[in-house]
Amino acid sequence: MSAGVPADPAATPPESTRLLNLPNALTMLRLAVVPLFAVLLLSDGGADDGRRAWATLFFVVAIITDQLDGMIARRTNQVTEFGKLADPIADKALTGTALIGLSVLDLLPWWVTLIILARELGVTLLRFWVIRHGVIAASRGGKAKTVLQSLAIGMYILPIDGLFGSARWWVMAAAFVLTVVTGIDYVYRAVKLRRTSARAMRAAATRRAGAGDEPGAGGGRRGTVA
């Protein structure tokens, strides 16, 4: 960013480092787990409790790697453009597979799955839309949504019933509300980032043009006839 151009508070400046690193490896591992997770979840029409328990374990491990790769990347300054793109894609692949699998098994209504997936796909497309302007930092609501969504999905994957089985509906309801609300907030912040970035670029261009017009500046105007 040019000197004198104010930093956009809605964006995180892009950083780069080598592609092959631990955070990116964890992201790719999470992607590799998705097909195996799907097979375990859908085995025998979801009637195999043992395999569903293993599916839950794989889901939990994948969620843990999601938290680890971001933390390691930030703390060790190993943030890459690949990681910024691959990490949300891996997250959406995991949660999308889980939600679709639960609906296939008639454990979760299809309308819930479709609305959540539409939100997640929309946010991913917005990331591409604003990527040259910056990265929108995760909000507290977005982080809470991720935690509740992961907890709810994990509770649905587990072959449970009774009080614990009833509680998962309320957890999913809370996650659903946060999913919709934070999706709307993300749209607002993406539009704000684009507008702020465009204003900053126009202001920088105006300052450069003004500096070029100053007397004595290289390429500036010569004296005008009165």
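## Helix 5 and its buried lysine

K145 is found in helix 5, in a model that is predicted. With a relative accessible area of 7%, K145 is buried, since the cut-off for that class is under 20%. Although K145 and T182 are 37 residues apart along the chain, their C-alpha atoms are separated by 7.8 Å.

The lysine is one of several buried residues in helix 5, among them G142, Q149, S150 and A152. The run I153, G154, M155, Y156 and I157 is buried as well. Helix 5 covers residues 140–157, and its 18 residues should span 26 Å at 1.5 Å a residue; the C-alpha atoms at its ends are 26 Å apart, so the expected and the computed span agree. Y156, a buried residue of this helix, also has a charged neighbour, for R168 lies over the face of the Y156 ring, at 4.7 Å from the ring centre.

## Overall layout

The protein has six helices and two strands, and read along the sequence these elements follow the pattern β-α-α-α-α-β-α-α. Of the 226 residues of the protein, 39% count as buried.

## How the helices pack

Helix 1 and helix 2 have axes that come within 9 Å of each other and cross at roughly 165°. This angle makes helix 1 roughly antiparallel to helix 2, because angles over 145 degrees fall in that class. The crossing in which helix 1 passes helix 2 is left-handed.

A related arrangement is found for helix 2 and helix 3, the latter formed by residues 81–104, which pack at an angle of about 160° with their axes 11 Å apart. Helix 2 is therefore roughly antiparallel to helix 3, and the crossing of helix 2 and helix 3 is left-handed.

Helix 3 also meets helix 5: their axes come within 11 Å and cross at roughly 40°. Helix 3 and helix 5 are therefore oblique to each other, and their crossing, too, is left-handed. As for its own length, helix 3 has 24 residues and reaches 35 Å from its first C-alpha to its last, which is close to the 34 Å expected at 1.5 Å a residue.

## Aromatic pairs between helices

A pair of aromatic rings is described by the distance of the centres and the angle of the planes. By the rule applied here, the count comes to three aromatic pairs. One of them is formed by F37 and F59, which are 5.9 Å apart from centre to centre, with 35° between the planes, and the pair is classed as tilted. F37 lies in helix 1 (residues 22–42) and F59 in helix 2 (residues 49–75), so the pair ties together parts that are 22 residues apart in sequence. The two helices joined in this way are those whose axes cross at roughly 165°. Both F37 and F59 are buried.

Another pair involves W111 and F176, whose ring centres are 5.6 Å apart and whose planes stand at 80°, so the pair is edge-to-face. This pair links distant parts of the chain, with W111 in helix 4 (residues 110–130) and F176 in helix 6 (residues 162–213), 65 residues apart. The partners differ in their surroundings: W111, at 53% relative accessibility, counts as exposed, whereas F176 is buried, with a relative accessible area of 17%.

## Loop residues with positive phi

Two aspartates in loops deserve a look at their backbone angles. D44 lies in the loop between helix 1 and helix 2, and its phi is near 55°, a positive value in a residue other than glycine. At 61% relative accessibility, D44 counts as exposed, because that class begins over 50%.

D106 has its place in the loop between helix 3 and helix 4, where D106 follows helix 3. Phi of D106 is near 60°, again a positive value in a residue other than glycine. D106 is exposed, with a relative accessible area of 68%. Each of these two loops joins helices described above: D44 sits between helix 1 and helix 2, and D106 between helix 3 and helix 4.

Technical notes: Residues numbered from 1 in each chain as written. Predicted model: local features only at pLDDT ≥ 70, side-chain atom pairs only at ≥ 80, totals over all residues. Heavy atoms only, no water. Helix = DSSP H or I, 4+ residues; strand = E, 2+ residues; numbered from the N terminus. Expected span 1.5 Å × (residues − 1). Buried < 20%, exposed > 50% of the residue type's maximum accessible area, 1.4 Å probe, protein only. Phe/Tyr/Trp six-rings, centres within 6.5 Å; stacked < 30°, edge-to-face > 60°. Lys NZ or Arg CZ within 6 Å of the ring centre and 35° of its normal. Axes fitted to C-alpha atoms, helices over the stretch in contact; angles between N-to-C directions. Parallel < 35°, antiparallel > 145°, perpendicular 65-115°, else oblique. Left-handed = near helix turned anticlockwise from the far one by under 90°.
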